[in-house]
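Reader: I'd like to go through this one term by term. Can you show me the model and then back up the labels?

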Amino acid sequence: MGRTNNSLLCTENLTKDFGKLRAVDNLSLSLEEGEIRGLIGPNGSGKTTLMNLISGIYKPTSGEVYFSGKRIDRLSPEGITHQGIMRTFQVARLFGDMTVLENMLIPAFTQGTGKREASHRAKELLDFSLLGRLSHEPARNLSGGQCMLLQIVRGFMRQPLRLYLLDEPFAGVHPTIKDVMIRTVQKMNREEGVTFLVVSHELTLVRRLCTRISVLHGGRLISEGTMKEVANDPRVIDSYLGG
Amino acid sequence: MKKISELKWYSLSLPLCLVVCLLPFWTGPYYLQVFTIAFYYVVLASSWNLIAGYTGQFSLAHHAFAAIGGYASALLVTLFGLPIWMGILAALLSSTLMGFILGVLCLRMRAIYLAIATWAFAESVRIFLSMTYKITRGDLGLAVPKIFLGTGRAVACYYLFLGLAAVTVLVIFLINRSKMGYYIRAIRNDEMVARVMGIHATRWKIFSFIISSGIAGIAGAFYGHYNGLLTPVMVDFNEMAFIVIMVVIGGIRSIAGPVIGAIFIEILTETFREFGEIRMVVFALAVIAIARLYHEGAMGVVRRLVRWISGRKQAREGVT
Amino acid sequence: MAMGITFIYGIMRIINWSMGEFYMIGGYLQYIIITQFLGVKQWYLGVVLSMLGVFLLGMVVQRLLIRPMFQGTVEQRTEYATIVTIALGVLFMNLAVIGAGPFIYSPPGYYHNTKLITLPISGTRFIAFIGTIILLSLFYLFLKKTWWGRAFQGAAQNRMGIQTAGIDVFRLDQIAFGIGVALAAAAGALLAPEFYLHPKCGSIATMKGFEIIVIAGLGSIPGVLLAGLLLGLIESLGSVFLNPSFRDVYGFLFLLAILAVKPAGLFEEKERVA
């Protein structure tokens, strides 16, 4: 797993400690361009920590993260975004006092896109994800599921979006919205070549959406492969059933 | 829907603007002074609203920047005999610089610590100004040459401060509509997410600090040259409380809110001057009531009114 | 003083800017109690009573103003807390001016001047010192040994957690606020003869209190003790070696310096960001 291969994202011996607690332990993982990768594992296995490490919110205790061959683990969150990496949060974090449309415009503005052009794309995305009629609502008025959806759709405003990290996007979301989410992800992956890393506990959705799965346990990568391979891996079964 | 409310704003504000512009011809010197001071507070309130209301950096040092600007200009003019416009420039430079320094210091602080730190800063400035009485004449007050060839003509000053207030409000308005406006509002809502969206939070926070402190500094400088006297009372916490009161009652996070709040409170303060402390009690109660019950302040009421009116209009016209 | 501020912060995560005014109220209450009812000899009773009075006042304030913050009827919490407590401070201060007049009251000294080993010490400061030690020790014991105390510690660490344990957080908040301001009142009552009573006496206390907790880092009880001593040291040293009239400024500058470098004080508590 060196940086010489053509993987899009690659972590090398990534470790993160919080005092005595080792949240991520010597993790080496790589993503190919164009994949939709699932990231599963029991609670506390380090999935969110990994997301935070990649997106620049945490700095690793040791190890590196490479994106398109370039080292990114020392960058600030803004810097990471400017590489073309976006992420969502487990709890939908929007700009509550701003309207849905204004929320959408921000990622485009930071790229230097003008208001008219950005609004155009925003409307397209909002309409596709059935949020169009809420454009001028303050974001805090949205339901939980709509917030998650908006969070996801907001990330697509960044062009080009190369890597998108989704942290538990389906948690507590209405089935119809889940459908919209999946369709949107697939469309973006197909049409604009966005690579995804999706953390989720909902294995049926993960099977439906993701091509490959990585399994974490105790901060370590214990298995990787297609859903079938991983599901039959005794280590995985152990980790979910055992402790 | 948006067009209707914009038209309503214009139709309301035009007659008001006319009144304001022609005021000197109707009233005597006392009220002229009250309004002049009111406009001074409009500048302070609006600029504080930028950093505290829109960017979410609850600075309690705003009055200190006005004082820094005021004293900088006054000292330069009295001690070195420089022309007033140079003093004003110096005021701008010094308050902007201090704003920058304070902004940098406060970058990583959480909201609560920011308030404490800025408050400590302001108090330090106050004590400093008091203690260096050899230069600043401390509590006795620093005599300042008046503007307009030492005459400080009331009418001219009225228009001067009116102009300052108008320019300030315009600047804040333009900033709010621009990308910067989006960025600082995002920062206030959720700084981490703002950064994840690509906003260089540090840059914009400092920028916001600089702009608001610079404006305050200029205002303070002009105030000095208008009033003829500067004392460290300017940096009393009461002044900051006033600014907060004005913005909260008028409507935090609105363009017209600080304007309304500043003018309203200043007029009330002057009118009821003989009641002394009761004024402050009433103001404090009003602030508590508004913060507790109706967060948006006076502007919130106005907005609701406008929406209600245009809503009824639409219903009557049969628009869905 | 600082203990009170930090205690309230620990439980409710807000800063009460009107602590100084509660200090002042404590002082005034004490004065009234001594001069009207009890007489100087039983001044310590007066301290306890004024603490009680302020405690009740605090609970009322909390119920009306602070509690809604947590019940979802108010939006921006930190901003709201700051605005409301500042306004409260202004309110109390001006009410004091109206009620008691802008005069300075001087309660009679509690104790005669004595000697601490070889250093002469004013009786009042001595009493204040002893009183503080007693109060702080009682407070410490309260926190560690009693059920209530442990409940507070739990609340400070995890608000949501203790709710699941079946404790009424709101009740706890109310009492915590009451205790916090009662501590301020105690400080006011104890220090009144030394620093005199007037409507603005609260602001100096607020100043020092804030400096201490900022240096210590909010939420850290032992840090407060250390920081208090540290502040006293810095002020004295500064006064001796540099210009004494800038005495208060040294504390401020120190505070600013600490905050710039360690934005959460010396003994900071980490917060989960994402």
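Author: What follows is a run of questions about the labels, each with its reasoning. Keep in mind that this is a predicted model.

Reader: Let's start with chain B. What makes B:Ala219 count as buried?

Author: The cut-off is 20 or more other C-beta atoms within 10 Å. B:Ala219 has 28 of them, so it is buried. This residue sits in helix 10 (residues 201-227) of chain B.

Reader: Which residues is B:Ala219 in contact with, leaving aside its neighbours within four places in sequence?

Author: B:Tyr40, B:Val43, B:Leu44, B:Ala66 and B:Leu164. B:Arg312, on the other hand, is 93 residues away from B:Ala219 in sequence and 42 Å away in space, C-alpha to C-alpha.

Reader: And how much of chain B counts as buried?

Author: 50% of its 320 residues. The chain has 14 helices and two strands. Take the contacts in chain B between residues at least 6 apart in sequence: 79% of them join residues at least 24 apart.

Reader: Why are helix 11 and helix 12 of chain B called oblique to each other?

Author: Helix 11 (residues 237-250) and helix 12 (residues 256-271) of chain B pack at about 120 degrees, with 7 Å between their axes. Roughly perpendicular covers 65 to 115, and roughly antiparallel needs over 145. The angle of about 120 degrees fits neither, and therefore the two helices are oblique. Their crossing is right-handed.

Reader: What makes the contact between those two helices, and how does it divide by class?

Author: Helix 11 of chain B brings B:Ile245, B:Met246, B:Val247, B:Ile249 and B:Gly250. Among the residues from helix 12 of chain B are B:Pro258, B:Val259, B:Phe264 and B:Ile265. By class, there are ten nonpolar, three polar and no charged residues. Gly counts as polar here.

Reader: Now the chain partners. What does chain B put into its contact with chain C?

Author: 34 residues, with 37 coming from chain C. On the chain B side, helix 5 (111-131), helix 11 and helix 13 (277-293) each give two or more residues. Helix 5 of chain B has the largest share, 13 residues. By class, that side has 27 nonpolar, two polar and five charged residues.

Reader: And what does the contact of chain A with chain B look like?

Author: Chain A gives 19 residues and chain B gives 13. Helix 2 (77-82) and helix 3 (100-109) of chain A each supply at least two of the chain A residues, and helix 3 of chain A has the largest share with five. The chain A side divides into seven nonpolar, seven polar and five charged residues.

Reader: How do you know that helix 1 of chain C is mostly covered?

Author: Just count: ten of the eleven residues in helix 1 (residues 2-12) of chain C are buried. C:Phe7, C:Ile8 and C:Met12 are among them. After the helix comes C:Arg13, with a positive phi near 60 degrees.

Reader: Last one. What makes strand 6 and strand 10 of chain A edge strands?

Author: The open sheet in chain A has six strands in the order 6-7-8-3-9-10, with mixed pairing. Strand 6 (85-87) and strand 10 (220-225) each pair on one side only, and that is what an edge strand is here. Strand 10 of chain A runs antiparallel to strand 9 (residues 212-217), with five bridges joining them. In one of these, A:Leu216 has A:Leu221 as its bridge partner.

Methods:
Residues numbered from 1 in each chain as written. Chains lettered and ligands numbered in written order. Predicted model: local features only at pLDDT ≥ 70, side-chain atom pairs only at ≥ 80, totals over all residues. Contact = placed C-beta atoms within 7 Å. Helix = DSSP H or I, 4+ residues; strand = E, 2+ residues; numbered from the N terminus. Axes fitted to C-alpha atoms, helices over the stretch in contact; angles between N-to-C directions. Parallel < 35°, antiparallel > 145°, perpendicular 65-115°, else oblique. Left-handed = near helix turned anticlockwise from the far one by under 90°. Buried ≥ 20, exposed ≤ 12 C-beta atoms within 10 Å, placed from the backbone. Pairing = 2+ DSSP bridges.
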